[in-house]
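Work through the exercises below with the structure open beside you. Try each task before reading its solution.

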Amino acid sequence: FPRTVEQAKMLDGMLEASGDAVSLVLALEVPDAVLTERICGRWVHNSSGRSYHVKFARPKSLAEGATPTEQTMLDDETGESLMQRADDTEAALTKRLRSYHEQTVPILDHYAPAGVVCKVDANRAPADVWEAIAANLPK
């Protein structure tokens, strides 16, 4: 929150009423192609919640170069088929990214004049991202 400029303006009004203001907007930046690879490659074992990825954490059943399907994506422990969440498909992600670019990215422009926007390159190792986030948080 906020996800739209309208919501940001409402937040500004609520904070202003108490003498406060947004002091930091942290934008974690990852290229859309990287998000697509990360998100659309996720598969889960429904009953246990175990998570797999076609590139980064393949189940034993997915041979190198094989196409991920319910027949080739099987849980390592039970052999049961894995599933992709409906919002992890390329069609769903395309819609989500369009909404993000159209509605959420403009929030950065809204807060830029106040000097509170901090962009972090989140296309790095998690420890490096956390370090960059911590460096921008108030002490």
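**Exercise 1: The last helix**

On one side of α5, the residues Ala127, Trp130, Glu131 and Ala135 are exposed. This is a predicted model. Find the buried residues of helix α5, and say how they are arranged around the axis.

Solution.
- Step 1. Helix α5 covers residues 126–136. Its buried residues are Val129, Ala132 and Ile133.
- Step 2. Look down the axis of α5. The buried residues fall within an arc of 100°, so they line one face of the helix.
- Step 3. Recall the general rule. An α-helix has 3.6 residues a turn, so residues three or four places apart point the same way.
- Step 4. Ask what this face meets. The buried residues of α5 pack against β1 (25–29) and β4 (117–121).
- Step 5. Turn to the other side of α5. There you meet the exposed set again: Ala127, Trp130, Glu131 and Ala135.

**Exercise 2: The overall layout**

Count the helices and strands, and write down their order along the sequence.

Solution.
- Step 1. The protein has 5 helices and 4 strands.
- Step 2. Read along the sequence, they give the pattern α-β-α-β-β-α-α-β-α.
- Step 3. Compare the spread with the globule rule. The radius of gyration is 19 Å, well over the 14 Å that the rule gives for 139 residues, so the protein is more spread out than a compact globule.
- Step 4. Check the extents. Along its principal axes, the C-alpha trace spans about 60 × 30 × 25 Å.
- Step 5. Add the burial. Buried residues make up 24% of the 139 residues.

**Exercise 3: Surface and charge**

State how much accessible surface the protein has, and how its charged side chains are divided.

Solution.
- Step 1. The accessible surface comes to about 9,200 Å². Carbon and sulfur atoms hold 54% of this surface.
- Step 2. There are 15 positive and 21 negative side chains.
- Step 3. Locate the centres of the two sets. They lie 1 Å apart.

**Exercise 4: Two residues in one loop**

Glycine 115 lies in the loop between α4 (106–111) and β4, and valine 116 lies in the loop between α4 and β4 too. Is glycine 115 buried or exposed? Is valine 116 buried or exposed?

Solution.
- Step 1. Exposed means over 50% relative accessible area, and buried means under 20%.
- Step 2. Glycine 115 has 63% relative accessibility, so it counts as exposed.
- Step 3. Valine 116 has a relative accessible area of 11%, so it is buried.
- Step 4. Look for partners far away in sequence. Glycine 115 and leucine 24 are 91 residues apart in sequence, yet 8.5 Å apart in space, C-alpha to C-alpha.
- Step 5. Valine 116 and valine 22 are 94 residues apart along the chain, with 7.5 Å between their C-alpha atoms.
- Step 6. List the contacts of valine 116, leaving aside neighbours within four places in sequence. They are Val22, Ser23, Leu24, Val25 and Tyr111.

**Exercise 5: Helix α2 and the start of the chain**

Which residues of helix α2 are buried? Where does proline 2 lie?

Solution.
- Step 1. In helix α2 (residues 32–40), the buried residues are Val34, Ile39 and Cys40.
- Step 2. Their cover includes β2 (42–44) and α3 (90–104).
- Step 3. Proline 2 lies in the segment before α1 (5–17).
- Step 4. The peptide bond from phenylalanine 1 to proline 2 is cis, with omega near -5°.

Technical notes:
Residues numbered from 1 in each chain as written. Predicted model: local features only at pLDDT ≥ 70, side-chain atom pairs only at ≥ 80, totals over all residues. Heavy atoms only, no water. Rg over C-alpha atoms; globule rule 2.2 N^0.38 Å. Buried < 20%, exposed > 50% of the residue type's maximum accessible area, 1.4 Å probe, protein only. Areas by Shrake-Rupley, 256 points an atom, 1.4 Å probe, with all protein chains shown as cover. Lys, Arg positive; Asp, Glu negative; His and termini not counted. Charge placed at Lys NZ, Arg CZ, Asp CG, Glu CD. Arc of directions from axis to C-beta. Contact = heavy atoms within 4.5 Å.
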